[in-house]
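I opened this notebook page to record what I looked up around the bound ligands, taking the organic surroundings before the metal.

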Amino acid sequence: MARLDPHSYNDDTQPETETLTWKARVDFRTRRLHAEATLTLREASAGPLDLDTRELEIRSVVDAHGKPLPFLVSPPEPILGSRLRVELSPGTRQLTIRYRTSPQASALQWLTSAQTAGGQYPYLFSQCQAIHARSVVPLQDTPRIRIRYKAELTVPKELKAVMAAGFTGREEQGVEAVERYEMPQPIPPYLLAFAVGRLAAKELGPRSRVWAEPEVLEEAAEEFEDVDAMLRAAEDLFGGYDWERFDLLTMPPSFPYGGMENPRLTFLTPTLLAGDKSLVSVVAHELAHSWTGNLVTNASAEHFWLNEGFTVFAERRIIEALYGEDVAKLHAALGRRALEDAVHHFKEHPQLTALRTHLAGVAPDEAFSQVPYEKGYLLLRAVENAVGRPAFDAFLKRYLEAHRFQALTTEQFTAFVDKHLPGALAKVDAEAYLNKPGIPGSAPVPRSERLERMTKYKTKVPTVEEVKDWTPAEWQLYIQSLPQGTSRDVFRQLDERFHLTKSHNAEVLVSWLAASLRAGWGPALGRTESFLGEVGRMKYLKPLYGALASTTEGKALARSLFNRYAERYHPIARAAVESILNRA
Ligand code: BES
Ligand code: ZN
């Protein structure tokens with residue numbers, strides 16, 4: 001027997017699931033899903049079948065004829081959850097599991113009506129990547145095993161249920177509504193996704209609409225109105241789009257990520273609604289995952305860079321195609337900063353700064369950082385520079401074509417490159433990226449006039465005239481380039497001149513607040529306190545709680561803010577902040 005994924009109980013000698021039929025009733029009162037999952041195996045089998053679960057209460061397991069199958073739920077392991085072992089009687093191809101989820105299910109966030117824009121109705125959403133699908137459905141929760149599924153969600157009639165799948169119908173029955181969805185393309189379980197709330201939609205193009213609470217719908221539709229142009233640019237670069245629709249769901253502010261590439265329905269943080277489309281590179285990123293990640297998938301969290309490094313590369317190619325090379329370079333420069341911070345942050349765990357990680361005993365959420373994103377991007381840029389863009393583009397198309405709807409490891413990736421671009425990996429010293437910590441000295445560095453200009457300021461406060469054409473990305477670079485120990489007076493002048501504490505751009509605001517907190521610029525404190533109560537995106541919670549907790553007085557404040565706000569955050573975000581505060 002072999003357990004190929006350190007984060008799953010799946011044993012590769014056992015049969016694989018082919019399809020899932022899932023029925024769930026959403027109970028906002030008890031914060032539980034009352035559900036039934038029918039797994040159909042690739043072939044009729046016998047013997048043990050190990051499934052992943054987390055905090056599920058299993059009621060019964062029966063075969064296709066309703067005959068009970070013996071099962072055992074093992075005691076929970078902190079990272080993997082509980083193994084559910086079902087004994088299949090000979091000839092079993094289908095099993096149905098009746099169960100209910102826990103109110104603390106790690107994939108789910110249940111919002112009270114007060115936590116929504118409308119304030120009238122509750123809201124529920126899922127976030128399954130990397131290994132939280134098992135807290136919603138008992139299954140083989142490893143990206144190596146793809147499933148097709150049909151789902152039926154029963155929700156209060158006033159609400160709409162959306163899924164990252166094709167809609168097949170809604171029926172109202174008394175006070176409830178049943179919403180049906182179908183996913184005909186096989187997906188890794190981490191891409192199972194749904195949301196339930198007071199939702200409305202607006203068309204953006206022939207293949208896209210945006211969903212949101214009615215209160216933010218117009219704003220979202222304007223911010224994302226260019227999505228069809230993005231889709232066409234991506235198809236030019238990476239080949240035809242395989243998922244039929246590319247819809248967007250603007251999430252409530254507690255959504256823990258910037259975006260999540262749920263197939264056909266990307267989930268997006270409302271902090272992207274800057275009013276000037278300046279943060280739409282996140283949409284480009286999630287769209288790019290339709291090729292790199294959703295079509296060609298990492299075999300486990302140990303190869304996460306295959307998803308994210310390729311996607312950052314693809315994202316910047318889309319940005320370059322739509323907005324020009326200079327803009328893509330600014331993003332690459334910000335990425336480089338983020339990579340340096342991440343490498344510094346992991347100085348006690350340098351092995352987590354190699355692209356190929358070894359994660360037995362390490363939770364994917366703990367290993368998460370900008371390293372797979374930005375170091376992965378640099379490796380692919382290095383290879384592109386080594387072989388030239390035309391050859392690399394041809395390689396990329398071939399790589400995607402050869403691995404459609406499959407999962408692969410870093411080792412399979414290197415074998416494929418060696419075959420199609422012989423010598424390229426050695427030339428860029430890929431070994432230093434893949435298996436060694438830190439940033440290789442030979443890694444490509446973005447250069448441009450606009451970039452040069454930004455690094456010249458140091459502690460000099462620019463004039464209103466000088467910043468006239470600065471984009472938010474340039475502001476971020478400027479703020480992040482302020483040297484450690486820059487005086488409070490510089491922060492005061494900047495705030496007086498440019499009102500940065502009042503910035504409506506979340507990226508600029510968070511860079512500014514984090515730098516201000518470290519410099520002791522008082523007015524930033526109040527804004528940080530309110531922001532931490534409004535937004536649950538981990539990318540912002542981590543630096544802000546981190547900056548607060550970096551001083552003795554700040555530590556107590558960070559604790560008390562967290563105690564006040566914790567229940568507003570998603571379980572994953574709550575755990576991330578807790579670990580920052582415990583380390584501080
Ligand atoms: N797939 C990720 C989000 C994710 C990663 C969820 C790991 C759970 C575990 C998504 O595509 C992503 O990378 N989002 C980024 C935005 C992007 C522009 C770098 C984010 O949320 O910040
Ligand atoms: Zn991503």
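For these entries I call a residue buried when its relative accessible area is under 20%. With that cut-off, E308 is buried, because its relative accessible area is 2%. The model is predicted, and I read each value below as computed from it.

Entry one, ligand 1. I looked up which residues surround ligand 1 and found 16 of them, among which Q129, G258, E261, E286 and Y373 come nearest. Sorted by class, this shell holds six nonpolar, six polar and four charged residues.

Entry two, polar contacts of ligand 1. I noted that a polar backbone atom of G258 is 2.6 Å from an oxygen atom of the ligand. On the side-chain side, H285 places a polar atom 3.1 Å from an oxygen atom of ligand 1, while a polar side-chain atom of E308 lies 3.1 Å from a nitrogen atom of ligand 1. I then checked the cover, and the protein takes up 91% of the 520 Å² of accessible area that ligand 1 has on its own. Two or more residues of the shell come from each of β16 (259–260), α3 (281–288) and α4 (304–323), and the largest share, three residues, is that of α3.

Entry three, the zinc ion. Which protein atoms are the donors of the zinc ion (ligand 2)? I list NE2 of H285, NE2 of H289 and two OE entries for E308, at 2.0 to 2.7 Å from the ion. Along the chain these donors follow the spacing H-x3-H-x18-E. H289 sits in the loop between α3 and β18 (296–298) and E308 in helix α4, so this pair ties together parts that are 19 residues apart in sequence. H289 also counts as buried, because its relative accessible area is 0%.

Entry four, geometry at the zinc ion. Why is the arrangement irregular? I found that the six donor atoms around the zinc ion (ligand 2) subtend angles of 53 to 159°, and this spread makes the arrangement irregular. For reference, ideal angles for six octahedral donors are 90 or 180 degrees.

Entry five, the loop after α3. I went back to the loop between α3 and β18, where L295 is found. L295 counts as buried, because its relative accessibility is 2%. Measuring nothing by hand, I took the computed C-alpha to C-alpha separation of L295 and H403, which is 7.6 Å, although the two are 108 residues apart in sequence.

Key. Residues numbered from 1 in each chain as written. Chains lettered and ligands numbered in written order. Predicted model: local features only at pLDDT ≥ 70, side-chain atom pairs only at ≥ 80, totals over all residues. Heavy atoms only, no water. Near = heavy atom within 4 Å. Polar contact = N/O pair within 3.5 Å; in protein donor to acceptor, adjacent residues only side chain to side chain. Areas by Shrake-Rupley, 256 points an atom, 1.4 Å probe, with all protein chains shown as cover. Helix = DSSP H or I, 4+ residues; strand = E, 2+ residues; numbered from the N terminus. Nonpolar A, V, L, I, M, F, W, Y, C, P; charged D, E, K, R; others polar. Donors = N, O, S within 2.8 Å, 3.2 Å for Na, K, Ca; no water. Tetrahedral: all angles 85-135°; square planar, octahedral: opposite > 155°, others 65-115°. Buried < 20%, exposed > 50% of the residue type's maximum accessible area, 1.4 Å probe, protein only.
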